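Me: Could you take a close look at how one pair of helices packs in this model, and then walk me through the strands as well?

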Amino acid sequence: VLAHLYARRTLEAGFTTCRSLGAHGFVDVALRNAIDRGDIPGPRLQVSTYYISATGGHGDQVGFSPWLTGATPPEMSGIADGVDAVRQKVRYLVKYGADVITFGASAGVLSEEESVGAPQYSQEEMNAIVEEAHLWEKRVAAHAHGTEAIKMAIRAGITSVEHGSLIDDEGLALMKEHGTWLVADIYNDTYILAEFEKLGFPEHIIEKERMVGRAQRENFRKAVEAGIKIAYGTDAAIFPHGKNGRQFRYMVEWGLTPMEAIQSATVSAADLLGWGDRLGSVAPGKLADIVAVAGDPLVDVAVLEAVDFVMKGGVVVKNELE
């Protein structure tokens with residue numbers, strides 16, 4: 001019911017194309033299709049439908065009675081364990097509309113695991129997820145905070161590491177060798193520490209964020225210095241949809257130039273999606289996606305937090321410059 005509102009806010013914030021790396025009930029597929037038909041305004045979407053997770057992992061509900069969580073049919077989830085099961089799960093998601101595959105290589109912050117970074121799949125399971133996705137010509141994004149989980153996922157052949165908080169020098173070297181993208185949502189730490197206690201999150205979860213937030217930003221700087229491919233990603237809606245531009249200033253604070261930060265959300269992001277031939281720059285033959293601001297983002301990149309003009313595919317969807 002609310003998805004179309006969030007899509008419009010995101011588009012009006014200047015984001016004309018997005019990946020959605022996890023949703024329940026195939027709502028992301030329906031949203032993508034409605035936008036593509038022109039029924040509602042929103043960004044073009046690449047969607048992953050369910051996030052593939054090990055039992056008890058970051059994509060599973062834990063700490064509740066199975067009587068409360070067992071109403072959903074088992075196949076209507078991303079939970080899969082073992083090589084054969086994760087292969088079948090990839091096929092299931094592709095069957096029902098996934099453009100990209102997402103899986104949890106490690107534990108997470110805003111879930112009930114004690115660890116943030118422990119691997120949650122074996123190397124064989126990760127290999128199987130990526131190999132099966134590639135058979136269907138789908139790219140793979142891996143949620144990975146932990147040092148070892150990041151390296152396991154890279155060796156499996158993923159396209160992108162999401163978060164990458166605790167990556168070490170060996171992991172950075174592997175990313176460079178494999179051409180793996182880093183999508184590090186380094187604004188989120190500020191929002192989580194400011195707002196999530198008010199939202200009722202328990203202290204032990206907020207403490208996990210304190211543990212990884214600074215490390216993620218410091219390792220982002222190391223990734224920039226190492227020449228890792230970096231694409232813009234926000235992990236919305238950890239913070240409200242439509243505020244996606246808040247991360248630019250943090251990317252600049254932690255190592256990118258303003259132009260590099262802008263490129264991470266344009267030409268680089270288009271390459272990550274495999275859509276560099278049609279998106280990411282203003283050039284003959286490409287879709288006319290243009291944003292404008294009443295300021296110079298190369299002087300103050302924070303002006304991109306409130307864009308004044310948005311054109312998607314040659315159609316003006318927002319104009320506050322007049």
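Reply: Helices H6 and H7 cross with a left-handed sense. Keep in mind that this is a predicted model. H6 covers residues 147–156 and H7 covers residues 169–178, and the two pack at an angle of about 15 degrees with their axes 9 Å apart. Angles under 35 degrees count as roughly parallel, so that is the label H6 and H7 get. On the H6 side, the contact is made by Lys151, Ile154 and Arg155. H7 brings Glu170, Gly171, Leu174, Met175 and His178 to that contact.

Now for the strands, starting with S1 and S2. S1 (residues 17–20) runs parallel to S2, and four bridges join them. Ser20 sits opposite Val47 of S2. Add helix H2 (residues 27–37) to S1 and S2 and you have a right-handed β-α-β unit. S2 itself, residues 44–47, is covered on both faces: Arg44 and Gln46 are buried on one side, Leu45 and Val47 on the other.

Then there's an open sheet of three strands, in the order S8-S9-S10, with antiparallel pairing. Its edge strands are S8 (290–292) and S10 (315–319), each of which pairs on one side only. Neighbouring strands in this sheet are turned by 10 degrees against each other on average, direction ignored. Between S8 and S9 (residues 309–312), which run antiparallel, there are three bridges. One bridge pairs Ile290 with Met311 in S9.

Conventions: Residues numbered from 1 in each chain as written. Predicted model: local features only at pLDDT ≥ 70, side-chain atom pairs only at ≥ 80, totals over all residues. Heavy atoms only, no water. Buried < 20%, exposed > 50% of the residue type's maximum accessible area, 1.4 Å probe, protein only. Pairing = 2+ DSSP bridges. Right-handed = clockwise from strand over helix to strand, strands pointing away. Axes fitted to C-alpha atoms, helices over the stretch in contact; angles between N-to-C directions. Parallel < 35°, antiparallel > 145°, perpendicular 65-115°, else oblique. Left-handed = near helix turned anticlockwise from the far one by under 90°. Contact = heavy atoms within 4.5 Å.
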